[in-house]
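Student: Could you take a close look with me at one part of this model, the side-chain contacts around its aromatic rings? I would enjoy a connected walk through them.

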Amino acid sequence: MTNVGLKKEMKDQFFSVAEHLFQEEKKAEAAPLYRYVIEHETDNHDPTCILCQYRLFQCLVGGSSEGNREALERFEPFYTRLPEDFRLDATLLMANVCYSLADWKKVDFYGDELHTLAHNVFNKLNNEKNVKKLQTERHLVVYYGHGLRIKGYILTMQGRYEDAKKYVAEYSDLSWFPDLDEAGKKEVEKFRTWGKGNMLILELNTGNSSVLPEFIEYLDENPNIILQGMLGAIKAANKFNFSIDEMLGKFCEKLPPINADVTYIDGTQLFQFWYEKAVYSFKRNKIIVGIDELLYSLYLAHKMKYYAGFEKCASLYREHGDYATEQQKWNYKHIVEGVFDS
């Protein structure tokens, strides 16, 4: 057997074992094997090598803010070389990672990429016969809907609320999407639910606090998205100085504890909520309560190694730290020293 043949055989074996481990959710064990294939492949356009780059990205995401950033930067040059179906999953994951990093320019970019790619794949499946079945993790409607959802989110952040409503309205009703199996129908219902909530958030973002009773009812009916809903509501309340005390009293205790084992994106949202809740309390002259909430946020930023968020909290603490109790000062010092010791 030639050296080239041996190399290919070993590469295929390493890749096969890595894929087996990956499918069993043993990503830490799979990652070194994907690295081996990448490091021993001279052709960066080799399909197996490209897939290994994607798998390695999937393995590395989720540990920390800086780790996510490094994994993203490493993978970005390769994602356009993936087959369309893998690229759909990769682009959605990249958009989510950029969201967790608060890199809104890239969220917008990958949202556009996802929207365009999903639309192109949709047209191809509709217009061509005998197209091979997509090897995506989820139904095509998921990528189509998330492309619209990301666009609506970015437009909301830019204050273009009327433009955002058009995208929200579009993904709120995807029942027309062809070839919906039971899984696809469940995804369509998720988008309908998200759309209803996001329309209410858009109203709050224009200062229309009259929709708060409807929004409270909405969160009651959808407890799995209380965190996202509360975050959107408190940002609007801080912007327009209206009260959401009833909502906070009803739902704050239903949020995940700060030491809960949550996904990185949920952890990021929890950090943002407690930061905004501290701002909300400071605006109402509840300084001691606000400092406690700011310490929750600071702890979460430390836990996730979200250093930009940590500095944001530390800066706000310095504005109010003179009013902190001795226990709060000790807690702040303990968290800060933990950062520099880690």
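Student: Which residues do ring pairs link into a cluster?

Tutor: Happy to! Keep in mind that the model is predicted. The cluster is made up of Y54, F57, F75 and F86, joined through ring pairs. Across the structure there are 24 aromatic pairs, and two more of them deserve a careful look.

Start with Y79 and Y110. Their ring centres are 5.6 Å apart and their planes meet at 75°; since an angle over 60 degrees counts as edge-to-face, that is the class this pair falls into. Y79 sits in the loop between α4 (65-75) and α5 (84-100), while Y110 belongs to helix α6 (residues 104-127), so the contact ties together parts that are 31 residues apart in sequence. Y79 has a relative accessible area of 5%, which means that this residue is buried. Y110 is buried as well, with a value of 3%.

Helix α6 also supplies a ring to the next pair, F122 with Y144. Here the centres are 5.8 Å apart with 55° between the planes, and the pair is tilted. Because F122 lies in helix α6 and Y144 in helix α7 (residues 140-157), this contact ties together parts that are 22 residues apart in sequence. Both F122 and Y144 are buried.

Rings in this model meet charges too. The charged end of R149 sits over the ring of W194, at 3.8 Å from the ring centre. For K312, the charged end sits over the ring of Y275, and the distance to the centre is 4.4 Å.

From there we can turn to charges that meet each other. The structure holds 19 salt bridges. One of them joins E293 and K277, with 2.6 Å from N to O. It links distant parts of the chain, as E293 is in helix α14 (residues 287-304) and K277 in helix α13 (residues 264-283), 16 residues apart. Both E293 and K277 are buried.

A salt bridge within one helix is formed by R69 and E66: the two lie in helix α4, 3 residues apart, about one turn of the helix. Their closest N and O atoms are 3.8 Å apart. R69 is partly exposed at 28% relative accessible area, and E66 is partly exposed at 31%.

Another salt bridge brings together R318 and E311, at 2.8 Å from N to O. R318 counts as exposed, with 52% relative accessibility, whereas E311 counts as partly exposed, with 42%. Finally, D108, D112 and K151 belong to one network, joined by salt bridges that share partners.

Notes. Residues are numbered from 1 along each chain as its sequence is written. This is a predicted model: local features need pLDDT of at least 70, side-chain atom pairs count only at pLDDT 80 or more; totals for chains, interfaces and linings use all residues. Side-chain values use heavy atoms; hydrogens and water are left out. Rings of Phe, Tyr and Trp (its six-membered ring) pair if their centres lie within 6.5 Å; planes under 30 degrees apart count as stacked, over 60 as edge-to-face and the rest as tilted. Helices (H or I, at least four residues) and strands (E, at least two) are DSSP runs, numbered from the N terminus. Buried means under 20% relative accessible area, exposed over 50%, partly exposed in between (1.4 Å probe, protein chains only). A charge sits over a ring if NZ of Lys or CZ of Arg is within 6 Å of the ring centre and within 35 degrees of the ring normal. A salt bridge is a side-chain nitrogen of Lys or Arg within 4 Å of a carboxyl oxygen of Asp or Glu.
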